[in-house]
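Dear colleague,

Please find below the structure that I am handing over to you. A summary of the findings follows it.

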Amino acid sequence: MQLADAIVVGGGPAGSTCAWKLRDAGLDVVVLDRMRFPRTKLCAGWVTPEALDDLELDPEDYPLSFMTFDELHLHWKALSVKLKSKQHSIRRFEFDNFLLCRAGATVLQHKVREIRRDGADFVIDGQFRCKYLVGAGGTACPVYRTLFHDSNPRSGALQTATYEHEFAFDWQCGECHLWFFDDGLPGYAWYVPKANGFINVGLGGMAEQLKRQGGHVREYWRKFVDRLESRGLVRYGHYQPAGYSYYLRGNVDVVSDHNAYIVGDSVGLATRDMCEGIGPAVKSGLLAAQAIITGCDYSLAAINKFSGSGFASKLLEHKFAGSQ
Ligand SMILES: Cc1cc2nc3c(=O)[nH]c(=O)nc-3n(C[C@H](O)[C@H](O)[C@H](O)COP(=O)(O)OP(=O)(O)OC[C@H]3O[C@@H](n4cnc5c(N)ncnc54)[C@H](O)[C@@H]3O)c2cc1C
């Protein structure tokens, strides 16, 4: 049986951030992830300056693919606006591995299946024992499923469905574009160039609304990539898109229970307007670590529900998750 003060299930941004702070405080931390890192994580890889601040990461010190955009190009039907807003792009394949290595925890490839309490401890798959357990396993997190789901189910109305592909591409337009509600998609499509000759293109929408419309993100994909070509942005013959689902910030508010904590996508923390999940994942990882280290309460109150503010944000929230 392997012993640790804390076990973090999942090595994405939520888990690695929590592990990093726990290690800093001197705890013995094991991160269990079902994948071997570096691993592919479906994600456009848009990251905010606030998330980098929370990670105490100066772009100058980040040695991997990194780009900065001074504005976002937003498109809705025939309307196009340039929104002044400093944002960044990274490649999750690199970024998550960088953060996990930096955390300094013991990282083991292990798919967690069974979690049980044993006195004040947790026992995982009969192989690992710890006092503190952090669920950072994303949408399918076994800690959420075992200890939090029944009392605190995530809302189906806030579930997203996405479809995307990241690939090596000699892009010519180094700007970030977002197209809202094309062809009735209850969400948006993106074009996010990456440094070192990569690009991520994809789309996402609210799963229940898609179902009500009798559609699937796959059906929007063909039209989207045809448009990328007609707009002169991407011409590519080898798309291999894949899908993933995650939850926007909703009604899950029980996030700790007798030394068990859930963070990031396992809670469902992505913003209600832009579906941004990296920043909230990082922030929740920091807050859970602080609660473990100091004994203070772990609450989501300090985590923003929106990426933007004002009217446009409210409009997007209404369009994405209006039924909630
Ligand atoms: C297509 C798409 C595009 C997106 N674009 C953006 C974007 O541009 N910007 C943004 O901010 N957010 C974006 N998001 C959301 C963002 O990717 C997530 O919110 C973020 O990754 C959440 O981080 P996390 O650490 O909670 O979970 P994850 O990054 O999903 O990490 C969870 C980890 O847990 C591991 N795991 C799962 N089950 C187990 C198990 N049983 N045992 C052990 N390990 C397990 C997984 O292997 C994984 O490594 C996007 C999401 C998608 C799907």
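A crossing is left-handed if the near helix is turned anticlockwise from the far one by less than a right angle, and right-handed if clockwise. Helices (H or I, at least four residues) and strands (E, at least two) are DSSP runs, numbered from the N terminus.

The model is predicted: local features need pLDDT of at least 70, side-chain atom pairs count only at pLDDT 80 or more, and totals for chains, interfaces and linings use all residues. Residues are numbered from 1 along each chain as its sequence is written.

Helix α1 (residues 13-24) passes helix α3 (residues 92-103) in a left-handed crossing. Contributing to this contact (C-beta atoms, placed from the backbone, within 7 Å) are P13, S16, T17, A19, W20 and R23 of α1, together with D96, L99, L100, R102 and A103 of α3.

Helix α1 also belongs to the ligand shell: α1, β2 (29-33), β10 (160-168), β13 (198-206) and α7 (278-294) each supply at least two of its residues. Of the 38 residues around the ligand (C-beta atom, placed from the backbone, within 6 Å of it), G10, G12, G138, G264 and G277 come nearest.

Strand β10 and strand β13 are also part of an open sheet of eight strands, in the order β3-β5-β4-β11-β12-β13-β10-β14 and with mixed pairing; strands pair if DSSP finds at least two bridges between them. At its edges, β3 (46-47) and β14 (242-244) each pair on one side only. Within the sheet, β4 (residues 66-76) and β5 (residues 79-90) pair in the antiparallel sense over 10 bridges, and F66 stands opposite I90 in β5.

Yours sincerely

Terms used. Axes fitted to C-alpha atoms, helices over the stretch in contact; angles between N-to-C directions. Contact = placed C-beta atoms within 7 Å.
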